[in-house]
Amino acid sequence: MQTYYQMPLDEVCSLLIGMTRAFIDHFPANEVAADALERGSLRRTLEAMRACAGLSRRDDTDVELLSAVLERERERETLGTFMVFDGRDDRDLGAVGEVQEMLDLTYRRQAIDACVRSLRRITHIRSICRALIDA
């Protein structure tokens, strides 16, 4: 992510706007909203983000709201855990490695994780844009 600091301001801002619009187009607002009030709040937040990618604001309340909703939904989409052996089988010593506990995730959880990663990347690029604008 160091390369974003080396890009000109107009390129970083256009990248942010494009990423934000793509995120908004693919955001599953109807699936993650708990009720109609929250759905309306999410839609207003997304439309405000679409307008200026959050650059005109000095806070990240829009990202915090989206993150809170996504985190709540992530916790509901874990089926359980299973054990996975990470290592190798040595002829002399036997199994060498460790057993790790992995989460058994639904497909919806994987989609929500992708949204969370995209939102974190948008937040990072937004902070770089703000820093470049302030400089």
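A residue is called buried here when its relative accessible area is under 20%, exposed when that value is over 50%, and partly exposed in between (1.4 Å probe, protein chains only). By this criterion, helix H6 holds a long list of buried residues: Arg-109, Ile-112, Asp-113, Cys-115, Val-116, Leu-119, Ile-122, Ile-125, Arg-126, Ile-128, Cys-129 and Arg-130. The model is a predicted one, in which local features need pLDDT of at least 70 and side-chain atom pairs count only at pLDDT 80 or more, while totals for chains, interfaces and linings use all residues. Residues are numbered from 1 along each chain as its sequence is written, and side-chain values use heavy atoms, with hydrogens and water left out.

Helices (H or I, at least four residues) and strands (E, at least two) are DSSP runs numbered from the N terminus. Helix H6 covers residues 107–134, and its length can be checked with simple arithmetic: at 1.5 Å a residue, its 28 residues should span 40 Å, and the 41 Å between its end C-alpha atoms agrees with this. The expected span is 1.5 Å times one less than the number of residues.

Two packed helices are described by the angle between their axes and the distance between the axes. The axes are lines fitted to C-alpha atoms, for helices over the stretch in contact, and the angles run from 0 to 180 degrees between N-to-C directions. Angles under 35 degrees count as roughly parallel, over 145 as roughly antiparallel, 65 to 115 as roughly perpendicular and the rest as oblique. A crossing is left-handed if the near helix is turned anticlockwise from the far one by less than a right angle, and right-handed if clockwise.

Helix H2 (residues 9–26) is one partner of H6: the two axes come within 10 Å and cross at roughly 155°. H2 and H6 are therefore roughly antiparallel to each other, and H2 passes H6 in a left-handed crossing. Contact means heavy atoms within 4.5 Å. On the H2 side, the residues that meet H6 are Leu-9, Val-12, Cys-13, Leu-15, Leu-16, Met-19, Thr-20 and Phe-23, and those they meet in H6 include Cys-115, Leu-119, Ile-122, Ile-125 and Cys-129. By class, this contact of H2 with H6 has 15 nonpolar, 2 polar and 2 charged residues; Ala, Val, Leu, Ile, Met, Phe, Trp, Tyr, Cys and Pro count as nonpolar, Asp, Glu, Lys and Arg as charged, and the others, Gly among them, as polar.

Helix H5 is another partner of H6, packing at an angle of about 160° with the axes 10 Å apart. That angle makes H5 roughly antiparallel to H6, and the crossing of the pair is left-handed. The H5 residues in the contact include Asp-62, Val-63, Leu-66, Ser-67 and Leu-70, while Arg-109, Ile-112, Val-116 and Leu-119 are among those from H6. The contact of H5 with H6 divides into 7 nonpolar, 2 polar and 9 charged residues. Ser-67, which lies in H5, counts as partly exposed at 28% relative accessibility. Although Ser-67 and Val-116 are 49 residues apart in sequence, their C-alpha atoms are 7.0 Å apart in space.

Helix H5 (residues 61–76) also meets helix H4 (residues 36–52), with axes that come within 10 Å and cross at roughly 135°. H4 and H5 are therefore oblique to each other, and H4 passes H5 in a left-handed crossing. Glu-38, Ser-41, Leu-42, Thr-45, Leu-46 and Met-49 of H4 make the contact with Asp-62, Leu-65, Leu-66, Val-69 and Arg-72 of H5. This contact has 6 nonpolar, 2 polar and 3 charged residues. Thr-45 of H4 is buried, with a relative accessible area of 12%, and touches Asp-62, Leu-65 and Leu-66, not counting residues up to four places away in sequence. Arg-43, also found in H4, is partly exposed at 41%; with the same neighbours left out, Arg-43 touches Ala-29 and Asn-30.

The strands complete this account. Asp-89 in strand E1 (residues 78–90) is exposed, with a relative accessible area of 67%, and Ala-95 in strand E2 (residues 94–105) is exposed too, at 60%. Leaving aside neighbours within four places in sequence, Asp-89 is in contact with Gly-94 and Ala-95, and Ala-95 touches Phe-85, Arg-88 and Asp-89. The C-alpha atoms of Asp-89 and Thr-78, 11 residues apart along the chain, are separated by 31 Å, and those of Ala-95 and Asp-10, 85 residues apart in sequence, by 54 Å.
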